[in-house]
Amino acid sequence: MFITFEGTEGSGKTTQINHLANKLSDACYSVQNTREPGGSNIGDQIREILLSPANEKLSATSELLLYAASRAQHVREIIIPALKNGKIVISDRFSDATVAYQGYGRNLDLVLINHLNQIATDGLAPDLTFLLNLPVEIGLQRASISRGKLDRIERESLEFHERVQDGYLAIAKEDTNRIKIIDATQPIDVIFNEIWSILKVKISLIKVNHDH
Ligand code: TMP
């Protein structure tokens, strides 16, 4: 099973992913926790280029291709082998982030992005995606408080982050079966309970399909 978490900056994905990985491990599932950009050693090097505030000259197209390159490596080196080993893979961001950030945020062509995602993922799509939804101002404030400094993308304008937010909500509307919107203004444990109850249903559905 392949689960992804998405959301604008500071939406609390990492906290929820850690909780979820622990809970699944306690329930005797084998879990692979990963993230994008990055996840693989090569992907982590690409992540450095993408997020370094020094790289302000990086063009939107180069940015798009680097996210796709990181994903292509991540899918082939980490995700597919882990899924083949029967693990539950949880990724902090995946293809939807490129649609939201490079498509809606940077205004790059959505048809082209979908095609590129198809190439990068080799057609792999998450079984379930949690979209943690939080007003962008609150998230950016949280991100700057918790990490002290902002990366190249976090430094973008409020308008950019609002377009990303709109993008995520638009994507979620198109695929309500896969993407579950979670109100991330709620307390951490309330958010987690919501995630857990959705996931439990999904796991039992997958088991039923598998057993038949
Ligand atoms: P993170 O802060 O959640 O680790 O994500 C890194 C940044 O990269 C975040 O600002 C979102 C951005 N991003 C994109 O712009 N496009 C993508 O395809 C991905 C995966 C992340």
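Helices and strands here are DSSP runs, numbered from the N terminus, with at least four residues for a helix and at least two for a strand. With those labels in hand, cysteine 28 is easy to place: this residue belongs to the loop between α1 and β2. The structure is a predicted model, and cysteine 28 shows a backbone oddity in it, with a positive phi near 70° in a residue that isn't glycine. Another backbone feature turns up at proline 37, in the loop between β2 and α2. Here the peptide bond between glutamate 36 and proline 37 is cis, with omega at about -10°.

Next comes the ligand. Where does the ligand sit? Its place is the largest pocket. Elements that put two or more residues into the shell around the ligand are α2 (41-51), α3 (60-84) and α4 (95-105). The largest share of that shell belongs to α4, which provides 4 residues. In total 14 residues surround the ligand, and the ones that come nearest are Glu9, Tyr67, Arg93, Thr98 and Gln102. Sorted by class, the shell splits into 6 nonpolar, 2 polar and 6 charged residues.

Some side chains can be paired with particular ligand atoms. Tyrosine 67 has a side-chain N or O atom 2.8 Å from an oxygen atom of the ligand. Lysine 13 brings a polar side-chain atom to 2.9 Å from a ligand oxygen. For glutamine 102, the partner is a nitrogen atom of the ligand, and the distance from a polar side-chain atom is 2.8 Å. How much of the ligand's accessible area does the protein cover? Taken on its own, the ligand has 480 Å² of accessible area, and the protein covers 96% of that.

The pocket itself deserves a description too. The largest pocket has a volume of about 1,100 Å³. Its lining is made up of 44 residues, and those nearest the centre are Glu9, Arg47, Arg147, Asp151 and Glu154. Glu9 also appears among the residues that come nearest to the ligand. Several elements supply at least two lining residues each: α1 (13-26), β2 (31-35), α2, α3, α4, α6 (136-147) and α8 (188-211). Which element gives the largest share of this lining? That would be α1, with 6 residues. As for chemistry, the lining of the largest pocket counts 15 nonpolar, 14 polar and 15 charged residues.

The second largest pocket has a volume of about 350 Å³. A set of 17 residues lines this pocket, with Asp96, Val99, Asn114, Ile171 and Arg178 closest to the centre. Two or more lining residues come from each of α4, α5 (110-121) and α7 (158-174). Of these, α5 gives the most, at 5 residues. The class breakdown for the second largest pocket is 7 nonpolar, 6 polar and 4 charged residues. Helix α4 thus has a part in this lining as well as in the shell around the ligand.

Finally, there's the matter of enclosed space. Rolling a probe the size of a water molecule over the atoms reveals where empty space remains. How many cavities of 30 Å³ or more does a search of the whole structure find? The search turns up 1, and the largest cavity has a volume of about 30 Å³. Its walls are formed by Glu6, Asp96, Thr129, Leu131, Tyr168, Ile171 and Ile179. Two or more of those residues come from each of β4 (128-133) and α7. By class, the cavity lining holds 4 nonpolar, 1 polar and 2 charged residues. Asp96 and Ile171 line this cavity, and both are also listed among the residues closest to the centre of the second largest pocket.

How values were computed: Residues are numbered from 1 along each chain as its sequence is written. This is a predicted model: local features need pLDDT of at least 70, side-chain atom pairs count only at pLDDT 80 or more; totals for chains, interfaces and linings use all residues. Side-chain values use heavy atoms; hydrogens and water are left out. A residue is near a molecule or strand if one of its heavy atoms lies within 4 Å of it. A polar contact is a pair of N or O atoms within 3.5 Å; within protein, one must be able to donate a hydrogen and the other to accept it, and residues adjacent in sequence count only if both atoms are side-chain atoms. Accessible areas come from the Shrake-Rupley method with a 1.4 Å probe; for residues, only the protein chains shown count as cover. On a 1 Å grid over the protein atoms alone, a cavity is a set of points where a 1.4 Å probe fits but cannot get out, and a pocket is an open set with protein on both sides within 12 Å along at least five of seven lines; lining residues have an atom within 4 Å of a point. A molecule sits in a cavity or pocket if more than half of its atoms lie within 2 Å of its grid points. Ala, Val, Leu, Ile, Met, Phe, Trp, Tyr, Cys and Pro count as nonpolar, Asp, Glu, Lys and Arg as charged, and the others, Gly among them, as polar. Grid points are joined across faces, edges and corners, and a volume is the space filled by probe spheres set on the points.
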